[in-house]
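Hi,

Here is the structure I said I would pass on. Have a look at it first, and then read my notes below.

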Amino acid sequence: MVKYQESEEMYLETILLLKQKSANVHAINVAEELGYSKPSVSYALKSLVSKGYLTIGQDGVLHLTEEGKNKAEGIYERHTVITKLLEITGADHEMAEENACRIEHVITPELFEVLKKFVKNG
């Protein structure tokens, strides 16, 4: 269960970040960014569509729904806050990014709010 949610969150966050660079994001772009096979990405994207987080246009362009965009932005916020927190504690940027990527999927909302407050006030 946790693994699947983590994977789902990685896809949403990746689509959000790719969309910041280019409006026309396709499944192949997600596959290349994550280093996953196209069939794996296609399967995951169909799941995101069925959950209402994503639509896929006739041209194959991926579009986050409002719910998908909100969820992706929340995931990205956790990533950036945790990265900054780890850097404050002395981790170099690469180490902080790599570990934030793992932590962002398992942290409770309550603890995240505590860390976010600390980073904002620190």
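Let's start with one pair of side chains: Arg102 and Glu98 meet in a salt bridge, at 3.4 Å from N to O. Keep in mind that this is a predicted model. Both residues belong to helix H5 (residues 93-103), and because they are 4 residues apart there, about one helical turn separates them. In general, an α-helix has 3.6 residues a turn, so residues three or four places apart point the same way. As for cover, Glu98 is partly exposed, at 44% relative accessibility.

The structure holds 5 salt bridges, and two others are worth a look.

Glu73 pairs with Lys69, with the closest N and O atoms 2.9 Å apart. These two sit in helix H4, again 4 residues apart, or about one turn of the helix. Glu73 is partly exposed at a relative accessible area of 35%, and Lys69 is also partly exposed, at 36%.

Then there is Lys51, which forms a salt bridge with Glu8; their closest N and O atoms are 2.7 Å apart. This pair links distant parts of the chain: Lys51 is in the loop between helix H3 (38-50) and strand E1 (54-56), while Glu8 is in helix H1, 43 residues apart. Are the two partners buried or exposed? Lys51 is partly exposed, with a relative accessible area of 38%, whereas Glu8 is buried, at 6%. The cut-off for buried is under 20%.

Helix H1 (residues 2-21) also holds Ser7, which counts as partly exposed at 25% relative accessibility. The C-alpha atoms of Ser7 and Ala44 are separated by 8.4 Å, although the two residues are 37 apart along the chain.

Next, helix H2 (residues 27-34). Which of its residues are buried? They are Ala27, Val30, Ala31 and Leu34. Looking down the axis of H2, you find these buried residues within an arc of 100°, so they line one face of the helix. Just after H2 comes Gly35, with a positive phi of about 75°.

Last, some charge on the outside: Glu87, Asp92, Glu94 and Glu97 form a negative surface patch. One of them, Glu87, lies in helix H4 (residues 66-88) and is partly exposed, with a relative accessible area of 32%.

Happy to go through any of this with you.

Cheers

Note on methods. Residues are numbered from 1 along each chain as its sequence is written. This is a predicted model: local features need pLDDT of at least 70, side-chain atom pairs count only at pLDDT 80 or more; totals for chains, interfaces and linings use all residues. Side-chain values use heavy atoms; hydrogens and water are left out. Buried means under 20% relative accessible area, exposed over 50%, partly exposed in between (1.4 Å probe, protein chains only). The arc is that of the directions from the helix axis to the C-beta atoms. Patches are made of residues with over 30% relative accessible area and no salt bridge: like charges are joined within 9 Å, nonpolar side chains (Val, Leu, Ile, Met, Phe, Trp, Tyr) within 5 Å. Accessible areas come from the Shrake-Rupley method with a 1.4 Å probe; for residues, only the protein chains shown count as cover. A salt bridge is a side-chain nitrogen of Lys or Arg within 4 Å of a carboxyl oxygen of Asp or Glu. Lys and Arg count as positive and Asp and Glu as negative; His and the chain ends are not counted. The place of a charge is taken as NZ of Lys, CZ of Arg, CG of Asp or CD of Glu.
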